[in-house]
Amino acid sequence: MTDDTPDPMKILAGALPFLKRYDDQIVVVKYGGHAMGEEETALRFGRDIALLEQVGVNPVVVHGGGPQINAMLKRLNVQSTFVQGLRVTDEAMLDVVEMVLAGPVNKQVAEAITRAGALAVGISGKDGGLVRARKLTRKVRDPGSNLEQVLDLGYVGEPESVDTKVLKLLIGADIVPVVAPVGIGANGQTYNINADTVAGAIAGALGAERLLMLTDVRGVLGPDGRLIPEMTVAEVRAGIEAGWISGGMIPKVETCIYAIEKGVKGAVILDGRVPHAVLHELFTDGGAGTLIKP
């Protein structure tokens, strides 16, 4: 551990007021991006989540796995197409996505948490009807005709409802749920769902105290390029309207807004590559990213 790496014990030394705030509260953590890529980073994340559980917080982890899916597709020589940041998913692609997300990625995340001293169980959104999904539709405007066209993304879905029964059983037994972002439709069809969206839907359904979105950026940056520590939903919408919240940050803040409107007390976008970012965000005054509040 280098001198500039925060020591989790030092963080917890001044954390008593925050421990009281989060005692027996649910914190949903979306884990993905490059934060999942390196083994040491993954093990450190597992230790932080285990520590949350051991100090009385009820963490729920929802993970992505884009880089791992890409690696498997490359091994299988399967081409991948993205539209508006979403992977077009045909039947063959769906088999690969589900195999990777609900298989090795899910189990590796759960194993890292269990190895660190908490008990974690990996499930997918299909288990126990956790995430009921519907087909996601996207519209784009044709630049030539200026007419709107509906894009067919294949078996890409969005959450329609969340049944929290399985999650509450696991939480009640002091088990950390680790959720892979696939869902099931009314006809039994499997859907590939964006992990951010699943995390927001689960956080909202559980009425979580916090939704933590671990990303590859520091948080929301203002027009001057500086990190904004705290924003209201109204301020976020104004930033989108003004154009300085743009690109890939828009779906992330929209997920935060959705979760807050469903009852989450606050949602945070933070850099998952920073050591112990989760602990720093929850247990220090400064926080570690951008907190979005009602």
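This report covers two aromatic pairs, one helix packing and one loop residue in a predicted model.

## Aromatic pairs

The structure holds 2 aromatic pairs. A pair of aromatic rings is described by the distance of the centres and the angle of the planes.

One pair is formed by Y22 and F283. Their ring centres lie 6.3 Å apart, and the planes stand at 75°. The geometry is edge-to-face, because planes over 60 degrees apart count as such. This pair links distant parts of the chain. Y22 belongs to helix α2 (residues 16-22). F283 belongs to helix α10 (residues 277-283). The two residues are 261 residues apart. Both Y22 and F283 are buried.

## The stacked pair

Y31 and F45 make a pair as well. Here the ring centres are 3.7 Å apart and the planes meet at 5°, so the pair is stacked. The cut-off for stacking is under 30 degrees.

Y31 sits in strand β1 (residues 26-31). F45 sits in helix α3 (residues 39-54). The pair thus joins a strand to a helix, with the two positions 14 residues apart in numbering. Y31 has a relative accessible area of 3%, so Y31 is buried. F45 has 7%, so F45 is buried too. Buried means under 20% relative accessible area.

## Packing of α8 and α9

Two packed helices are described by the angle between their axes and the distance between the axes. Helix α8 covers residues 233-242, and helix α9 covers residues 249-261. Their axes come within 11 Å and cross at roughly 155°. Therefore α8 runs roughly antiparallel to α9, as angles over 145 degrees count as roughly antiparallel. The crossing of α8 past α9 is left-handed.

Which residues meet in this contact? From α8 come V233, V236, R237 and I240. From α9 come I250, V253, I257, I260 and E261. By class, the contact has 7 nonpolar residues, no polar ones and 2 charged ones. R237 in α8 and E261 in α9 are the charged residues, because Arg and Glu count as charged.

## T164 in its loop

T164 lies in the loop between β9 (157-162) and α6 (165-172). Is T164 buried or exposed? Its relative accessibility is 12%, so T164 counts as buried.

T164 touches A205 and L206. Residues up to four places away in sequence are not counted here.

Notes
Residues are numbered from 1 along each chain as its sequence is written. This is a predicted model: local features need pLDDT of at least 70, side-chain atom pairs count only at pLDDT 80 or more; totals for chains, interfaces and linings use all residues. Side-chain values use heavy atoms; hydrogens and water are left out. Axes are lines fitted to C-alpha atoms, for helices over the stretch in contact, and angles run from 0 to 180 degrees between N-to-C directions. Helices (H or I, at least four residues) and strands (E, at least two) are DSSP runs, numbered from the N terminus. Angles under 35 degrees count as roughly parallel, over 145 as roughly antiparallel, 65 to 115 as roughly perpendicular and the rest as oblique. A crossing is left-handed if the near helix is turned anticlockwise from the far one by less than a right angle, and right-handed if clockwise. Contact means heavy atoms within 4.5 Å. Buried means under 20% relative accessible area, exposed over 50%, partly exposed in between (1.4 Å probe, protein chains only). Rings of Phe, Tyr and Trp (its six-membered ring) pair if their centres lie within 6.5 Å; planes under 30 degrees apart count as stacked, over 60 as edge-to-face and the rest as tilted.
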